[in-house]
Amino acid sequence: MRAALYVPGSSPRMIQKARTLEADAVILDLEDAVTPDQKGAAREHVAAELSRTRGGARWVRVNPGDSDEHRADVAMIVATAPDAIVLPKAEPASLAALDARLDAQGSSIPIVALVETCMGLLELGSLCRASPRLTGLQLGAEDLTAELAVARTRGGEEIRFARHQLAVAARAHGLMAIDTPQLDIADEVSLVADTRIARSCGMTGKACIHPSQLQIVAEAFRPGAHDIEWARDVVRAAADATERGVGAVALHGQMIDAPVLARARRILATLEAAPTPSDSV
């Protein structure tokens with residue numbers, strides 16, 4: 001999952017437009033993108049979309065577990081079976097509560113935990129163990145920095161620690177690590193830089209809030225030409241060493257051991273799995 005697009009559940013026009021886009025996942029939003037007076041209508045629009053035959057992943061971001069709207073959201077979701085539920089302000093207790101609620105209704109829908117509170121970040125280990133349904137973690141930088149009382153910056157230094165922590169926890173538990181979206185949809189240069197920083201922290205994908213961001217994000221998560229060349233050289237050198245019965249081999253002065261070879265193979269596997277630029281939005 002490289003690029004996921006948030007779409008307001010209250011906008012049938014935007015929901016329809018999302019069907020034509022090459023997002024790895026479309027997140028139908030019932031929370032922040034929907035005003036209080038539109039919550040009921042948004043559930044109806046999302047339910048109608050989920051009842052359609054869908055060609056791509058459809059996730060739903062519900063309202064927080066302590067809100068009046070949460071139970072109504074979950075009831076709709078159980079009946080329409082999206083590909084995942086995105087739980088905002090996720091903490092171990094709220095994730096376990098959602099897990100129990102779904103269990104009680106016989107649902108097996110996966111959950112993506114949106115980590116956007118200090119407690120959620122502090123208790124990432126417990127969060128990752130709170131539900132067997134958990135399939136991914138997503139960082140929510142706007143709420144997190146608001147709680148920290150710090151400003152969001154283009155360089156993102158204020159969330160670098162959070163990115164690393166979330167990525168480490170996700171990797172340790174075999175989960176997706178999805179980065180926070182960039183809110184400035186007109187600044188493509190900053191989006192590329194921001195996505196590359198997220199990738200360097202260990203993130204596996206990034207949320208988007210506008211269709212124009214999808215291709216940029218997807219491309220930024222593709223291995224660069226230098227990485228691809230290095231990975232191919234490593235795999236070839238390792239194969240040659242195996243054929244010659246050599247136990248250790250060096251490439252450009254670097255010893256190729258099992259972790260290095262595994263990284264090279266992951267790069268090539270990512271390249272093979274990713275669509276070409278002409279297949280993207």
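This is a conversation about the cores, one buried arginine and a surface patch in a predicted model.

Colleague: Which residues touch the most other members of the largest nonpolar core?

Modeller: That core has 53 residues, and those touching the most other members are Leu 28, Val 60, Leu 124, Leu 127, Leu 134, Leu 137 and Leu 166. There is also a second, separate core of 13 residues, with Ala 231, Ala 238, Leu 261 and Ile 267 among them.

Colleague: What does Leu 127 touch, leaving out residues up to four places away in sequence?

Modeller: Its partners are Ala 90, Glu 91, Pro 92, Leu 95, Ala 113, Val 115, Gly 120, Leu 134 and Leu 137.

Colleague: Turning to Arg 61, is that residue buried or exposed?

Modeller: Arg 61 counts as buried because its relative accessible area is 9%, under the 20% limit. The residue belongs to strand β3, which covers residues 57-61.

Colleague: Which side chain has a polar contact with that of Arg 61?

Modeller: The side chain of Glu 31 does, at 3.3 Å. Beyond four places in sequence, the contacts of Arg 61 also include Tyr 6, Asp 29, Asp 32, Val 86, Pro 88 and Leu 114.

Colleague: And on the surface, which residues form a nonpolar patch?

Modeller: Leu 183, Ile 185 and Ile 209 form one, with about 240 Å² of accessible area together.

Colleague: Where does Ile 185 lie, and why does Ile 185 count as partly exposed?

Modeller: Ile 185 sits in the loop that runs between β7 (176-179) and α9 (188-200). Its relative accessibility is 37%, so Ile 185 falls between the 20% and 50% limits and is classed as partly exposed.

Terms used:
Residues numbered from 1 in each chain as written. Predicted model: local features only at pLDDT ≥ 70, side-chain atom pairs only at ≥ 80, totals over all residues. Heavy atoms only, no water. Patch = residues over 30% accessible without salt bridge, like charges linked within 9 Å, V, L, I, M, F, W, Y side chains within 5 Å. Areas by Shrake-Rupley, 256 points an atom, 1.4 Å probe, with all protein chains shown as cover. Salt bridge = Lys/Arg side-chain N within 4 Å of Asp/Glu carboxyl O. Helix = DSSP H or I, 4+ residues; strand = E, 2+ residues; numbered from the N terminus. Buried < 20%, exposed > 50% of the residue type's maximum accessible area, 1.4 Å probe, protein only. Core = buried A, V, L, I, M, F, W, Y, C linked by side-chain atoms within 4.5 Å. Contact = heavy atoms within 4.5 Å. Polar contact = N/O pair within 3.5 Å; in protein donor to acceptor, adjacent residues only side chain to side chain.
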